[in-house]
Amino acid sequence: MTTPPQATGCMTSQFPGQQAQAARDVNTASLCRIGQETVQDIVLRTMEIFQLLRNMQLPNGVTYHPTTHQDRLGKLQEHLRMLSVLFRKLRLVYDKCIENCAGLEPVPPEQLIPYVEDDSSKLDERSANQTRSASEERREVLEVNKVSAP
């Protein structure tokens with residue numbers, strides 16, 4: 001795995017401490033957002049590559065224009081190069097996210113959702129009320145059957 005290239009220029013020499021601090025302040029949520037945008041760029045570039053390939057003419061006896069072919073080939077190679085760069089960027093973001101989350105224990109999603117009241121107590125109360133009403137109806141039916149059966 002290669003390391004990302006170091007930024008060079010006047011900003012690096014003037015504020016090296018600030019850039020190092022900014023690199024440490026990047027949190028996992030912003031890395032995930034960057035990863036999402038990178039995936040969207042990859043999909044867009046891939047669609048453009050397929051569009052270029054669809055518009056290319058096959059050499060099946062049609063007059064051949066070398067300048068047009070070279071132009072389209074150059075565009076295709078540029079898109080493929082950018083696609084490779086985007087995949088490398090996505091891999092770096094992925095590795096950084098994995099590194100940031102390495103010490104965390106997985107938390108069940110149920111614990112992340114705040115509850116106003118416990119749903120299990122609601123279910124118990126509902127089932128108890130339904131059982132009571134069913135038993136009362138049963139008694140009434142039995143009483144009606146006893147009265148009408150003489």
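This text walks through a predicted model, from one threonine to a nonpolar core and then to the cysteines.

Start at Thr38. Thr38 sits in helix H3, which covers residues 28-55. Is this residue buried or exposed? Thr38 has a relative accessible area of 1%, so it counts as buried. Its side chain does not lack a polar partner: it reaches the backbone oxygen of Ile34 at 2.8 Å. Look next at contacts beyond four places in sequence. There Thr38 touches Leu86, Lys89 and Leu90.

Follow Leu86 from here. With the same neighbours set aside, those within four places in sequence, Leu86 is in contact with Thr38, Asp41, Ile42 and Arg45. Leu86 also belongs to the largest nonpolar core. The other members of that core are Ile42, Ile49, Leu76 and Leu83, which makes five residues. Two elements, H3 and helix H4 (66-100), each give two or more residues to it. H4 supplies the largest share, with three residues.

Now turn to the cysteines. How many disulfides does a search of the whole structure find? The count is zero. Cys32 is in no disulfide, and the nearest cysteine sulfur, in Cys97, lies 4.1 Å away. A disulfide needs the two sulfur atoms within 2.5 Å, so this pair does not qualify. Cys32 is partly exposed, because its relative accessibility is 44%.

Cys101 also has Cys97 as its closest cysteine by sulfur position. Here the distance is 6.3 Å, so the sulfurs are too far apart for a bond. Cys101 has a relative accessible area of 35%, and therefore counts as partly exposed.

Note on methods
Residues numbered from 1 in each chain as written. Predicted model: local features only at pLDDT ≥ 70, side-chain atom pairs only at ≥ 80, totals over all residues. Heavy atoms only, no water. Helix = DSSP H or I, 4+ residues; strand = E, 2+ residues; numbered from the N terminus. Buried < 20%, exposed > 50% of the residue type's maximum accessible area, 1.4 Å probe, protein only. Polar contact = N/O pair within 3.5 Å; in protein donor to acceptor, adjacent residues only side chain to side chain. Contact = heavy atoms within 4.5 Å. Core = buried A, V, L, I, M, F, W, Y, C linked by side-chain atoms within 4.5 Å.
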